[in-house]
Amino acid sequence: MGSLNYEHKNIFLYADDEKKRAIREYAVGYMRFIDEAKTEREAVSYLVKRAEEAGYTPFSFGETLKVGDKKYVNNRNKSLYLLRVGSEDVGKNGVRILAAHIDSPRLDLKQNPLFEKDEIAFFKTHYYGGIKKYQWATIPLALHGVVHLADGTKVTVKIGDDEGDPVFYVSDLLPHLASKQMGKPLSEAIDGESLNVWVGATPSESEEKNRFSYAALELLHEKYGMKEEDFLCAELCAVPAFRAREIGLDRALIGAYGQDDKVCSYPQFTALTENDDGVHTVIAVFADKEEIGSEGTTGMQTELFDDLLRAVADSFGANEAEMRANSMCLSGDVSASYDPQFPEVYDKRNATFLSHGAGVMKYTGARGKSGSNDAGAEYLHKIRAIFAENGVQWQTGELGKVDAGGGGTLAKYMARRNIDTLDIGVPVVSMHSPYEVVSKADLYEDHLAFKAFIKG
Ligand code: MN
Ligand code: MN
């Protein structure tokens, strides 16, 4: 009999050279992805392109699916569903579902964003998702999104990421004059209405009124053909202009914006496209709007997903309720990594650690698991068996100490459909900050976990 104790270990303590190389190499593609996919729109366009290269074609509702089909549904350029039809009975065996979100916290421009004050032109913003507002001041910001011009042209905006591009900025007070501000709680140091983005500091030569904001309009008109009214039909986001970088002398960690939850969506994508097993029917969901409650036509609560499940069931004459009941889902979402700098908010026995593998969360929620999926022990056991068989290293954790805070994921919206769902993801340090940190080892292990889950 081996030891009765349970422990999980740092992967770098025992990984051989081959594994270390695989970990390093896998991170390269991910870092490229995360730089190209700062918003959900950019993630969808990147993933659609890669999916098409892997043989996926657009699915139209009404179409009958057949074994071997590889299809995708691009939902309004903001969420994406990939579907691979396997050979087994979808009614009796259900489908294997991977779900992760591709939106991340940021500053959205308001619909009427442009104004000037004391010779500076600004964009007003309304932040998206849960942020610590003070973290978004004094960092370089890029502007990403789309604008629909009055003539019907759709313009894609991306300024601030390329070498030589200008960037944007939210100011903060110098310490010399901040004695009053420094006495405030962090949550009040910078308030929501003062997250105004600096866009220009020179006057227009052709206009006498509001010359500074007008100059910004002139530049936008020159570059994109847009007028001020076109902001009404725009979705523009200020996102950190940072690129993904390796962190530390050993390069074991990755720093980047938006890793919640592209650090799970990417492995979900690679697991599906690298594995052509073809036994299980697999659906991979890349959802939008998770950071604001999975609402809207592109969030996980949309019935588009139900329509897709029905299309699968109908194509094979399966009973949809039976199919859902027999389906299984891994909901890929990040967990809060234990941070030695802030040990007080974690229960160390129930926290996820950097480089200890994919982070499973049986439940999330707040104040007594409220708002949580809380996967059943039976389902956890099924997943444990799959991981054990495939040598996937995983750990389990909660989102901090009881009553320290909390949060939710997509899992409960999947579970609501009578689909067994378990949260699994990558531990993240400084989650929802402009620059989040993960371990390359956990990223790779997440990929292996998804791959094992959909393997025939
Ligand atoms: Mn997330
Ligand atoms: Mn989040």
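This briefing covers the metal site, one buried threonine, a surface patch and the salt bridges of a predicted model. The manganese ion (ligand 1) is held by donor atoms from His101, Asp260 and Asp333, and Asp260 also bridges to the manganese ion (ligand 2). Elsewhere in the model, the count of salt bridges comes to 24, and Leu173, Leu174 and Leu177 form a nonpolar patch on the surface.

**Metal site**

- The manganese ion (ligand 1) is coordinated by NE2 of His101, by an OD atom of Asp260 and, twice over, by OD atoms of Asp333, at 2.1 to 2.7 Å.
- Along the sequence, the donor residues of the manganese ion (ligand 1) follow the spacing H-x158-D-x72-D.
- Asp260 forms a bridge between the manganese ion (ligand 1) and the manganese ion (ligand 2), and these two ions lie 3.3 Å apart.
- Because His101 belongs to strand E4 (residues 95-101) and Asp260 to helix H7 (residues 259-274), the pair ties together parts that are 159 residues apart in sequence.
- His101 and Asp260 are both buried.

**Thr125 and its surroundings**

- Thr125 is located in strand E6 (residues 120-128), and with a relative accessibility of 3% it counts as buried, since the cut-off for that class is under 20% relative accessible area.
- The side chain of Thr125 reaches the backbone oxygen of Leu195 at 2.5 Å.
- When its neighbours within four places in sequence are left aside, Thr125 is in contact with Leu107, Asp108, Leu109 and Lys110, and also with Gly192, Leu195, Asn196 and Val197.
- Leu195 therefore appears both as the residue whose backbone oxygen is reached by the Thr125 side chain and among the residues in contact with Thr125, while Asp108, another of those contacts, also takes part in a network of salt bridges.

**Nonpolar surface patch**

- Leu173, Leu174 and Leu177 together have about 280 Å² of accessible area in a nonpolar patch on the surface.
- Leu177, one of the patch residues, lies in the loop between strand E8 (154-159) and helix H4 (179-182).
- With a relative accessible area of 59%, Leu177 is exposed, as the cut-off for that class is over 50%.

**Salt bridges**

- Lys19 and Glu445 meet through their side chains in a salt bridge, with an N to O distance of 2.9 Å; this pair links distant parts of the chain, Lys19 being in helix H1 (residues 17-36) and Glu445 in helix H12 (residues 440-454), 426 residues apart.
- Within this pair, Lys19 is partly exposed at 21% relative accessibility, whereas Glu445 is buried at 0%.
- The side chains of Arg251 and Glu246 also meet in a salt bridge, at 2.5 Å from N to O, and here Arg251 is partly exposed with a relative accessible area of 49%, as is Glu246 with 33%.
- A salt bridge also joins Glu320 and Arg310, whose closest N and O atoms are 3.3 Å apart; Glu320 is in helix H9 (residues 320-325) and Arg310 in helix H8 (residues 304-315), ten residues apart.
- Glu320 is buried, with a relative accessible area of 18%, whereas Arg310 counts as partly exposed at 34% relative accessibility.
- Glu40, Arg41, Lys78, Arg106, Asp108 and Glu235 are linked to one another in a network of salt bridges.

Terms used
Residues are numbered from 1 along each chain as its sequence is written. Chains are lettered from A and ligands numbered from 1 in the order in which they are written. This is a predicted model: local features need pLDDT of at least 70, side-chain atom pairs count only at pLDDT 80 or more; totals for chains, interfaces and linings use all residues. Side-chain values use heavy atoms; hydrogens and water are left out. Donors are N, O and S atoms within 2.8 Å of the metal (3.2 Å for Na, K and Ca); water is not among the atoms, so sites may look incomplete. Helices (H or I, at least four residues) and strands (E, at least two) are DSSP runs, numbered from the N terminus. Buried means under 20% relative accessible area, exposed over 50%, partly exposed in between (1.4 Å probe, protein chains only). A polar contact is a pair of N or O atoms within 3.5 Å; within protein, one must be able to donate a hydrogen and the other to accept it, and residues adjacent in sequence count only if both atoms are side-chain atoms. Contact means heavy atoms within 4.5 Å. Patches are made of residues with over 30% relative accessible area and no salt bridge: like charges are joined within 9 Å, nonpolar side chains (Val, Leu, Ile, Met, Phe, Trp, Tyr) within 5 Å. Accessible areas come from the Shrake-Rupley method with a 1.4 Å probe; for residues, only the protein chains shown count as cover. A salt bridge is a side-chain nitrogen of Lys or Arg within 4 Å of a carboxyl oxygen of Asp or Glu.
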